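Q: I have just opened this structure and would like a short tour. Could we go through it step by step?

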There are 2 protein chains.
Amino acid sequence: MSEARPTIHDVAARAGVSKSLVSLAMRGSPKVSERSRSLILAAAAELGYRPNAAARSLADRRSHTVGVLVLDLHNPVFAEILDGVQSEVRTHGYSTMLVTGGADPDLEQAELEKLLEFQVEGLIVIAHRLPGSVLRRIAKECPLVVVTRDDVTGPSIDTVRNDDVAGARLAVEHLVALGHRRIVHLSGGDNRVSQDRRDGYLEAMRTAGLAGQSCVIDGALTDAGGYSAAQQALDLEPRPTAMFAANDMSALGAIAAVQDRGLGVPGDVSVVGYDGMSLGALRTLSLTTVAQPLGEMGALAARRLFDRIDHPRRRSVRLRVDAALVPRGSTAPPRRSDHPRG
Amino acid sequence: MSEARPTIHDVAARAGVSKSLVSLAMRGSPKVSERSRSLILAAAAELGYRPNAAARSLADRRSHTVGVLVLDLHNPVFAEILDGVQSEVRTHGYSTMLVTGGADPDLEQAELEKLLEFQVEGLIVIAHRLPGSVLRRIAKECPLVVVTRDDVTGPSIDTVRNDDVAGARLAVEHLVALGHRRIVHLSGGDNRVSQDRRDGYLEAMRTAGLAGQSCVIDGALTDAGGYSAAQQALDLEPRPTAMFAANDMSALGAIAAVQDRGLGVPGDVSVVGYDGMSLGALRTLSLTTVAQPLGEMGALAARRLFDRIDHPRRRSVRLRVDAALVPRGSTAPPRRSDHPRG
DNA sequence: CGCGGAAAGTGGAACGTTCCAACGCTACTG
DNA sequence: CAGTAGCGTTGGAACGTTCCACTTTCCGCG
């Protein structure tokens, strides 16, 4: 129960020194004598003293905290990016404040504003649904790194992402190489990342001479989204032999939909995802995917952020990391009977 | 870039009023005249004023923030509990500060201490690996609700959990009812929850007259943990016909291991998980599981917390929610040939 | 033996809020 | 027309730190 917590004054009184010396001692300053230090530490321990971060950050004008906004904690992909962020942030001696907006722009904005009120020294946004104007305004107040997208630019906005267009091409090329022709794309909806992946799909289909076969079905970046999009895809005549889903989660949904029709993956339909979440490596799922170096992206983002905190006027940086196709068990050549004269 | 942010004084000067009035206006007090209010709001907007949460919480002696510690963000189960927490916290007008300790006791403790320094008004701990002594000490400073466990008690510690022993019994009874006899348990290791589930398993095996068949293999509450435990289980002679995994994630790992041996689930081996994460409902996985009402547990925890914040001396409460067996595609009767004379 | 300088310790002024007691008005009441 | 009630507004004192400029103490050295 939180009866009036002891403050630095209480510790000072008990140790018989001034509050200033307590402040020094608590932060491990070398200009405190051994004697005083142990006196103070003992007093603090006895009282159960705990520094007040609010007071500290007020006086110090620094919070030693960075804010992180993630799109959605249900998708393990973000946990993996977060791992990279967190470990880097910790080595810099900072804390992170983590919030989610659940893919809702208004909520996301509200959460970001809250972070700013807490005086975070920097912001990492791991995927988002925010309008560029909001992001740019926020970047005026605080260094900002956006992971996953680089469509919003500004003098103090750094970005870390893979090339989604190129990645999507890899997926399609993989399927084409296996002999697929009727390849549909289960899109992730109306957000930048999904748009890029769709564009990559369309482009690759064109390049492969399959422009006429192109077919995009709208879904969402969730298992449910993939499921319902795949259902529609399976109603097409003739039935597609392969699906490229906008991300791994929706690919899982798609696989479920295929199986619910009594069809097999990859026997009847091949499925490719995107992201490279570690769950997909499990044999049960064995999901062929376009893998991004998730942890690395997080770490990179954090490093960019600290770089900018240290050098506020550095030119903004757009980092690109490489995605790679990881072939696994959810893709295979199409059945003979499905094989159109190619 | 963050050149000296405008403060309440700057707004006051620009609007031609006192700082006190600005403070009132920013918080929407009714005792501010329409005229002043709009003057102040305009000035604030022009300057891009944003209240400083540190200063506010210092002056106010309340942070309007609760801290949440989650065991592990990689397991979507926790995201589902978190949903319940967040929505409840929001309706109370509070913010949440979210941290993880990655199942590392030292890290968990460090993160909790940090939350306390931020003067959170309450703490929700969603699964943890902390010694009781730490938790009790922390509960002295701040209301605390522990979700998932209730082994640590104290005058201001509330708990929300399901009965893991009973839940584990459900899992075993389900398998027994299907006709299984050689049922192994893939344990989740040395933590309270896993111990309870193991105890429930042992108890139910005894009740079913299968004490002699009991077999616990040590794993961990992750996909990797389930995978390796299942590998060992599959080496047993005679091979078990069913596995009860300590949680859903490890059940997925177990299924993968079975399939990697060229065996089928549920054809050769049935697998039951525990938790009821929504991912398990996907046809691809179709995981039979003991489902906890995850979101509800989160919401319940948050409500307990606010109740205690409002009434600090209320007796501590231990809530139990019911888990239910959800039969899905990962369990089936054992093969004839595997069927020992029962 | 006095002096300089380092080491150890101090009190007061910030930091940006909120709260509180008190203020000047205006408008009503008797 | 004095008294009072309320409204809108105000300055100053907190809140718990850190920082700074300063003091005291002590030591070695010329």
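Q: Which element gives the largest share of the surface near DNA strand C?
A: In this predicted model, that element is H4(B), which contributes 4 residues to the surface near DNA strand C.

Q: Which elements give two or more residues to that surface near DNA strand C?
A: From chain A they are helix H2 (19-26) and helix H4 (53-60). From chain B they are helix H1 (8-15), helix H2 (19-26) and helix H4 (53-60).

Q: How many residues surround DNA strand C, and which are the closest?
A: DNA strand C is surrounded by 27 residues. The closest are Lys19(A), Ser20(A) and Ser36(A) from chain A, together with Ser23(B) and Arg27(B) from chain B.

Q: And by class, how many are nonpolar, polar and charged?
A: The surface near DNA strand C has 10 nonpolar residues, 9 polar ones and 8 charged ones.

Q: What part of the DNA strand C atoms within 4 Å of the protein belongs to sugar or phosphate?
A: Sugar or phosphate accounts for 68% of those atoms, and the rest belong to bases.

Q: Which polar side-chain atoms lie by a phosphate oxygen of DNA strand C?
A: Two examples come from chain B. Tyr49(B) has a polar side-chain atom 2.9 Å from a phosphate oxygen of the strand, and for Asp60(B) the corresponding distance is 3.1 Å.

Q: What about a polar backbone atom?
A: Ser18(A) provides one, at 2.8 Å from a phosphate oxygen of DNA strand C.

Q: Changing topic: how are the two copies related?
A: A turn of 180° with a shift of 0.0 Å along the axis lays chain A on chain B with an RMSD of 0.1 Å. The copies are therefore related as by a two-fold rotation axis.

Q: Which C-alpha of chain A is nearest the axis?
A: It is the C-alpha of Ala54(A), which is 2.2 Å from the axis.

Q: Through what surface do the copies meet?
A: They meet through the same surface, because 100% of the interface residues of chain A are also interface residues in chain B.

Q: One last residue: is Asp275(B) buried or exposed?
A: Asp275(B) is buried, because its relative accessible area is 6%, and the cut-off for buried is under 20%. The residue is found in strand S9 (residues 270-275) of chain B.

Q: What does the side chain of Asp275(B) make a polar contact with?
A: The partner is the side chain of Arg197(B), at 3.4 Å. Leaving aside residues up to four places away in sequence, Asp275(B) touches several others, including Asn75(B), Val77(B), Asn247(B) and Leu294(B).

Terms used:
Residues numbered from 1 in each chain as written. Chains lettered and ligands numbered in written order. Predicted model: local features only at pLDDT ≥ 70, side-chain atom pairs only at ≥ 80, totals over all residues. Heavy atoms only, no water. Near = heavy atom within 4 Å. Polar contact = N/O pair within 3.5 Å; in protein donor to acceptor, adjacent residues only side chain to side chain. Nonpolar A, V, L, I, M, F, W, Y, C, P; charged D, E, K, R; others polar. Buried < 20%, exposed > 50% of the residue type's maximum accessible area, 1.4 Å probe, protein only. Contact = heavy atoms within 4.5 Å. Least-squares fit on C-alpha atoms with pLDDT ≥ 70 in both.
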